[in-house]
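Biologist: I should like a close examination of one part of this predicted model, namely the side of one chain that touches the other. Please describe what that side is built from and how the partner chain is organised.

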Amino acid sequence: MKVYSIYILNKAGGLIYQNDVNPGLNRLTANDYLVLAGTLHGVHAIASRLTPALNGRDTTNPTESHSNKNAAILSTGKVQDANSNKSGLQSIETDLFNLYIFQTLTGIKFILVTSPNPVVHNLQQINRELTNRGELSKQYDQANEVFKHLYIVYSDYVMKDPFYSLDMPIKSSLFDMKVKEII
Amino acid sequence: MTIYSFHIFDRHCNCIYNREYSHSSSDNNNNSTTVGIVNKNNDSNGSKLLFGILYSLKSMSSKLIDEETSPIPNALKSFTLGKFRIHYFESLTNLKFILITDINIDNLQHILWELYSNYYIKNCIQNSLSPIEFKISDDLKENELTGKINNHNFIHQTDQFLQSLSVFN
């Protein structure tokens with residue numbers, strides 16, 4: 001998986017950070033990137049309207065989920081998964097790139113554009129292994145790892161920067177450097 | 001591994017076919033072709049939202065790739081919403097074929113192609129009784145049935161085809 005670009009959107013859908021790590025994508029004008037970010041934000045919001053039935057399904061057995069939650073907190077030390085993107089748009093696959101969206105609890109979206117996955121023909125694969133999860137879900141997990149590191153770097157080098165004002169474009173060379181280290 | 005529903009949108013952005021499969025166990029002993037609903041939610045908000053998402057994502061995916069570097073235009077293949085994956089195929093005539101499935105099904109491009117080339121073309125295009133355009137003009141608003149694929153053969157054969165797939169259940 002080769003990362004083409006990283007975008008960070010604030011909670012209102014504005015593009016606050018953009019880094020084209022590897023060439024591979026079309027270069028757009030600054031305005032087009034803002035439009036792109038706004039579109040993704042809007043689509044994400046629409047998408048969560050399309051899947052309302054899912055949100056209720058997790059709470060069918062409250063006692064069990066509570067004990068599971070407690071066990072999860074004890075083992076990881078975290079109350080919630082950092083990724084709150086449960087019902088919205090998560091990934092897009094096209095011929096020439098894949099795009100992944102990670103949303104933090106505070107509504108900031110990290111977007112990763114990567115190289116496309118090799119084509120898998122699902123039908124043959126299932127006959128061999130019924131329990132096998134899809135190749136794309138594995139890729140999503142892989143992208144999620146990158147997101148976690150990005151989020152840590154974001155918290156450390158952007159949020160702790162005293163000169164950074166919230167929801168404004170990120171112009172920190174230190175953050176740039178750390179992002180390059182992750183990729 | 002499940003296929004939840006199958007949509008076709010025409011080039012006027014109307015949902016001309018909508019087939020939702022229900023997978024509850026009580027339905028299984030009935031005649032399998034009648035399980036689920038056909039053309040009931042074409043004008044629902046769900047279909048419109050789905051089309052809106054598709055439209056924006058499609059334009060985005062073509063915008064991000066430079067047309068000169070790639071010989072073929074970049075096409076959207078699928079995307080995930082929550083626990084669903086939505087597979088997308090567009091014909092040259094701008095007909096959009098959509099399958100909504102479980103998140104673990106990776107690639108259904110060839111299935112969508114099959115649905116288009118074998119079933120849609122055979123039963124709707126080569127059928128002289130089937131309308132070429134499914135668009136409802138404004139004065140025809142009350143006669144909504146012209147705007148949908150009600151071709152029995154098409155419905156029957158696509159059902160059979162999709163239900164015969166190993167990913168269906």
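Modeller: The account below begins with the contact between the two chains and then turns to the partner chain.

The model is a predicted one. In it, 35 residues of chain A are in contact with 34 residues of chain B. On the chain A side, the elements that supply two or more residues each are helix H1 (30–50), strand S3 (89–94), helix H4 (122–128) and helix H5 (135–159). Of these, H1(A) gives the most, with seven residues. Sorted by character, the residues on this side of chain A comprise 17 nonpolar, 12 polar and six charged.

Strand S3(A) deserves separate attention, for it is also paired across the two chains. Five bridges join S3(A) to strand S4 of chain B, which spans residues 76–81, and the two strands run antiparallel. Within this pairing, Glu93(A) has Ser78(B) in S4(B) as its bridge partner. S3(A) is thus named twice in this description: it contributes at least two residues to the side that touches chain B, and it is bridged to S4(B).

As for the partner, chain B contains three helices and six strands. Along the sequence these elements follow the pattern β-β-β-α-β-β-β-α-α. Chain B has 169 residues, of which 33% are buried. Among the contacts in chain B with a separation of 6 or more, 47% are between residues 24 or more positions apart.

How values were computed. Residues numbered from 1 in each chain as written. Chains lettered and ligands numbered in written order. Predicted model: local features only at pLDDT ≥ 70, side-chain atom pairs only at ≥ 80, totals over all residues. Contact = placed C-beta atoms within 7 Å. Helix = DSSP H or I, 4+ residues; strand = E, 2+ residues; numbered from the N terminus. Nonpolar A, V, L, I, M, F, W, Y, C, P; charged D, E, K, R; others polar. Pairing = 2+ DSSP bridges. Buried ≥ 20, exposed ≤ 12 C-beta atoms within 10 Å, placed from the backbone.
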